[in-house]
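Student: I've got a structure open and I'd like to talk it through. Can we go piece by piece?

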Amino acid sequence: MEFNKIVKNALLVIVACLALSACATKKAGTGQMQGDVYTGTDTVEYLASGVPDRVFFATNESVLTTASRETLRKQAAWLRKNSKINIVLEGHADERGTREYNLALGERRANAAKDYLMTYGVSSDRISVLSYGKERPVDSGSNPLSWSKNRRSVTVKAN
Amino acid sequence: MIKKIILLVFILLPFNAHGLIKVDITRGNLDPLPLAVSPLAIDNESKTKFDEILNKKDIGSEISIIVEKNLKTSGLFNPLNREAFLQKPDIANLKPRFEDWKLIKAQALITGKVNYVDEKLRVEFRLWDILAGREMMALAFTTVPTNWRRVGHIISDKVYERLTGEKGYFDTRIIYVAEEGPKTQRVKKLAIMDQDGFNNKFLTLGNELVLTPRFNKTSQMVTYLSYFKNLPRVYLLDIETGTQEVVGDFPGMTFAPRFSPDGKKIIMSFAKDGNSDIYTMDLDSRVVDRITNHPSIDTSPSYSPDGKFISFNSDRSGYQQIYVMESSGKNVKRISFGKGLYGTPVWSPRGDLIAFTKLHKGKFYIGVMRTDGSGERLLTENFYQEAPSWSPNGRVLIFYRETKTDNEGKGFSAKLWSIDLTGYNEREVKTPTDASDPSWSSLLSN
């Protein structure tokens with residue numbers, strides 16, 4: 001009995017260590033991309049438990065991926081439940097484009113998110129759109145992974 | 001702010017270009033013309049006066065240093081070291097001993113003198129052809145002493161014009177965005193400086209993000225994008241008075257502004273519901289016209305110098321490319337067909353070329369093409385650079401360049417660079433802080 005308990009605890013410790021090291025690897029590490037769309041969670045914040053605040057895009061694209069649509073459906077559900085909250089959709093581009101085109105691209109990305117939220121029952125008068133183009137990267141790296149984190153639309157509470 | 005310079009032409013020799021020096025500006029000049037800029041002579045009394053007023057020990061020498069630096073920067077001239085000069089400034093200005101200047105291999109010589117006259121700065125200068133042994137030009141200016149740097153720039157312009165046959169670009173200013181802080185939280189301010197980096201002045205405080213300032217070619221007005229109150233809008237700024245106003249009343253983001261060549265309109269993009277189109281607003285009547293109507297991104301518009309055409313970039317083909325249309329918006333034609341993406345078309349002041357930014361295989365290029373898209377020529381390649389702006393004579397482009405950061409995301413910088421249309425003479429334009437989005441003014445004096 002006593003021995004079993006010790007083994008159990010030891011195992012728990014090992015599992016915990018593994019989990020920790022996995023976390024550590026993830027944090028410092030490479031993150032993930034599918035195609036060139038970011039699929040990791042490094043920069044993601046949460047509007048509420050289980051409701052990620054941002055979606056990511058492929059280079060020069062404003063098409064929502066399957067994962068992005070899932071995120072936006074969660075946001076829509078949360079917004080329907082919290083009808084007093086208004087939001088700003090902040091659209092961003094990576095640094096690999098001309099400044100003015102990227103302003104337009106950020107606006108297009110934020111509007112792609114807006115359209116999707118509206119289809120899922122969020123009224124357009126609760127949503128405003130703001131493009132930052134490439135002016136506010138979250139990751140200052142000059143590599144494909146950093147750029148993938150910066151191509152994003154972030155849902156921010158406005159009130 | 002810009003005080004009028006009174007310009008007096010006091011000697012005009014019969015124009016006889018035959019046999020006189022001529023600098024060919026149209027090709028890369030790997031063999032710049034050796035010339036001597038003699039310090040401008042100054043009498044002791046004037047010297048003392050200007051030292052009192054301007055805190056400059058020898059204003060004559062200071063002005064000649066400006067001329068020397070401008071001419072050297074142009075890449076067309078090689079100003080010789082003044083240590084080697086054999087003749088004293090005051091005597092050289094009366095009548096140069098041509099053999100002495102030949103000996104140090106100068107082909108042209110600039111002399112002059114400075115006087116304090118009725119609280120004003122009076123400068124005269126002469127340009128001499130050493131090999132032909134004769135005077136090519138003589139001019140005099142009178143102005144307020146604080147304009148002394150501009151006098152140096154005007155002399156440079158006159159010499160440049162006389163030796164190349166084309167107008168200079170030294171008595172000009174650059175408006176740009178001064179940048180500071182980490183890449184993820186850049187603080188940006190509008191700033192203005194003389195073309196050579198002097199007299200730098202910040203025009204905004206950095207409380208809100210500002211981008212893409214552009215000069216009106218006909219006045220001291222500037223149009224730019226500001227995120228004042230987190231609403232990205234095109235603004236108009238009078239740099240003489242500091243007054244600002246929003247351009248138009250658009251229900252969304254306006255951006256990418258430029259003036260029409262007559263300065264009466266602003267052309268810009270307006271973004272709504274994920275679609276950016278090009279609009280103009282007349283500054284007097286406030287009438288807004290929609291120029292493009294297409295579900296693609298249409299932006300970075302720039303007028304031809306005669307105002308009849310507009311170039312812009314659009315992704316209507318699926319990718320960012322350059323188009324030209326009539327100023328009414330009719331007859332839209334794609335002109336860029338090379339490999340890669342093309343953006344930021346800017347029509348040259350001479351009307352024959354369009355400068356652009358190109359992205360191909362992860363590299364950024366500044367290039368030029370004819371207005372029908374033919375004759376594409378790439379001038380410079382780098383990790384990141386964009387937004388060319390023409391010198392008023394259409395011979396030099398200024399643009400900005402950003403560095404690649406290291407693995408920790410450190411080492412970011414943004415700087416202004418210039419390059420000749422020939423692809424030669426690439427150089428950094430020094431600014432007190434990091435800098436981007438430069439726009440070149442027209443000549444302040446003509």
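Student: Which residues is Met221(B) in contact with, leaving aside its neighbours within four places in sequence?
Tutor: Keep in mind that this is a predicted model. Met221(B) belongs to strand E12 (residues 221-226) of chain B. With those sequence neighbours left aside, its contacts are Asn216(B), Leu236(B), Leu237(B) and Asp238(B).

Student: Is Met221(B) buried, exposed or partly exposed?
Tutor: Count the C-beta atoms around it: there are 18 neighbours inside 10 Å. Buried takes 20 or more and exposed takes 12 or fewer. With 18, Met221(B) therefore counts as partly exposed.

Student: What distance separates the C-alpha atoms of Met221(B) and Phe337(B)?
Tutor: Along the chain, these two residues are 116 residues apart. In space, their C-alpha atoms are separated by 35 Å.

Student: How is chain B divided into domains, and which helix gives the most to the side of domain 1 that touches domain 2?
Tutor: Domain 1 of chain B covers 6-164 and domain 2 covers 173-440. Their centres, taken over C-alpha atoms, are 35 Å apart, and the contact takes nine residues from domain 1 and 11 residues from domain 2. On the domain 1 side, three residues come from the top contributor, which is helix H2 (residues 59-73) of chain B.

Student: Let's move to E16(B). Which strands of chain B does it pair with, and over how many bridges?
Tutor: On one hand, E16(B) pairs with strand E15 (residues 253-259) in the antiparallel sense, with Phe255(B) opposite Ser269(B). On the other, it runs antiparallel to strand E17 (residues 275-282), and here Phe270(B) stands opposite Asp277(B). The bridge counts are five to E15(B) and eight to E17(B).

Student: Which residues take a positive phi in the two hairpins of E16(B)?
Tutor: The hairpin of E15(B) and E16(B) has five residues between the strands, and Gly263(B) in that turn sits at about 75 degrees. The hairpin of E16(B) and E17(B) has two residues between the strands, with one residue near 50 degrees. So the names you want are Gly263(B) and Asp273(B).

Student: Why is E16(B) largely enclosed by the rest of the structure?
Tutor: E16(B) spans residues 265-272, so you have eight residues to check. The strand is largely enclosed because the number of those that are buried is seven.

Student: Which strands stand at the edges of the open sheet E19-E20-E21-E22 (chain B)?
Tutor: The four strands come in that order with antiparallel pairing. E19(B) is joined to E20(B) by four bridges, with Ser302(B) partnered by Ser311(B). An edge strand has a single partner, so one side is left without a neighbour in the sheet; that picks out E19 (298-303) and E22 (333-334) of chain B.

Student: Which helix of chain A lies across E19 and E20 of chain B?
Tutor: Look for one running at about 145 degrees to E19(B). The helix covers residues 99-119 of chain A, and its name is H3.

Student: Last one: which residues of H2(A) are buried?
Tutor: H2(A), residues 66-81, reaches 23 Å from its first C-alpha to its last, close to the 22 Å expected. Its buried residues cover an arc of only 95 degrees around the axis, which puts them on the same side of H2(A), while Thr66(A) and Lys81(A) on the other side are exposed. What covers the buried ones includes strands E3, E6 and E8 of chain A. The buried residues are Ser68(A), Thr71(A), Leu72(A), Gln75(A) and Leu79(A).

Notes. Residues numbered from 1 in each chain as written. Chains lettered and ligands numbered in written order. Predicted model: local features only at pLDDT ≥ 70, side-chain atom pairs only at ≥ 80, totals over all residues. Pairing = 2+ DSSP bridges. Contact = placed C-beta atoms within 7 Å. Axes fitted to C-alpha atoms, helices over the stretch in contact; angles between N-to-C directions. Expected span 1.5 Å × (residues − 1). Arc of directions from axis to C-beta. Domains from an automatic or database assignment.
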